[in-house]
Amino acid sequence: AAAAASAAGDAGFASDGPRVALVGPTDVGKSSVSKILTNYAVRKGWAPLFVDLDPGQGGITCPATIGAVPVDRPIDAQEG
């Protein structure tokens with residue numbers, strides 16, 4: 001596993017990149033942090049997949065649903 005991580009080159013991550021899950025109570029900034037991390041990934045040349053599993057949020061689709069979207073350019077952390 002260590003050999004594969006060092007062969008990947010970029011901070012030890014595999015070629016498909018890191019996976020991040022943000023959990024916590026309501027109104028603590030999980031959505032804002034996820035958008036910031038997504039923007040970092042885009043600026044580094046990655047092609048992140050933003051997955052919204054909170055049916056109450058409606059960040060990338062209508063409320064009461066879950067969704068996923070590939071991100072190819074930075075997103076506005078305030079507007080979404």
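In what order do the elements of the protein chain run from the N terminus on? The answer is α-α-β-β. Keep in mind that this is a predicted model.

## Overall layout

The protein chain has two helices and two strands. Helix α1 covers residues 2-8, and helix α2 takes in residues 30-43. After those come the strands, β1 at residues 49-52 and β2 at residues 67-70.

Of the 80 residues in the chain, 15% are buried. The accessible surface adds up to about 6000 Å², and carbon and sulfur atoms own 58% of that. As for contacts with a separation of 6 or more, 34% of them link residues that sit 24 or more positions apart.

## How far to trust it

Averaged over the protein chain, pLDDT comes out at 78, with 74% of the residues at 70 or more. Among the elements, α2 has the highest mean, 90, while α1 has the lowest, 48. Over residues 1-6 the pLDDT is below 50, and beyond near neighbours in sequence this stretch has one contact in the model. Where pLDDT is low, the predicted coordinates shouldn't be read in detail.

## The strand pair

Strands β1 and β2 run antiparallel and are joined by four bridges. One residue to look at here is Phe-50, whose bridge partner in β2 is Val-69.

Strand β1 also has two faces: Phe-50 and Asp-52 are on the covered one, and Leu-49 and Val-51 are on the uncovered one. So Phe-50 has a bridge partner in Val-69 and belongs to the covered face of β1.

## Just past β2

Asp-72 sits in the segment after β2. Is Asp-72 buried or exposed? Its relative accessible area is 65%, and the cut-off for exposed is over 50%, so Asp-72 counts as exposed.

Go back along the chain from Asp-72 and you can pair it with Leu-49: the two are 23 residues apart in sequence, and their C-alpha atoms are 9.1 Å apart in space. Leu-49 is the residue already met on the uncovered face of β1.

## A nonpolar patch on the surface

Which residues form a nonpolar patch on the surface? They are Val-20, Leu-22, Val-33, Ile-36, Leu-37 and Tyr-40, and together they have about 530 Å² of accessible area.

Take Val-33 as an example from this patch. Val-33 is found in helix α2, the element with the highest mean pLDDT. With a relative accessible area of 38%, Val-33 is partly exposed, because that value falls between the 20% and 50% cut-offs.

How values were computed:
Residues numbered from 1 in each chain as written. Predicted model: local features only at pLDDT ≥ 70, side-chain atom pairs only at ≥ 80, totals over all residues. Heavy atoms only, no water. Buried < 20%, exposed > 50% of the residue type's maximum accessible area, 1.4 Å probe, protein only. Pairing = 2+ DSSP bridges. Contact = heavy atoms within 4.5 Å. Areas by Shrake-Rupley, 256 points an atom, 1.4 Å probe, with all protein chains shown as cover. Patch = residues over 30% accessible without salt bridge, like charges linked within 9 Å, V, L, I, M, F, W, Y side chains within 5 Å. Salt bridge = Lys/Arg side-chain N within 4 Å of Asp/Glu carboxyl O. pLDDT = per-residue confidence, 0-100.
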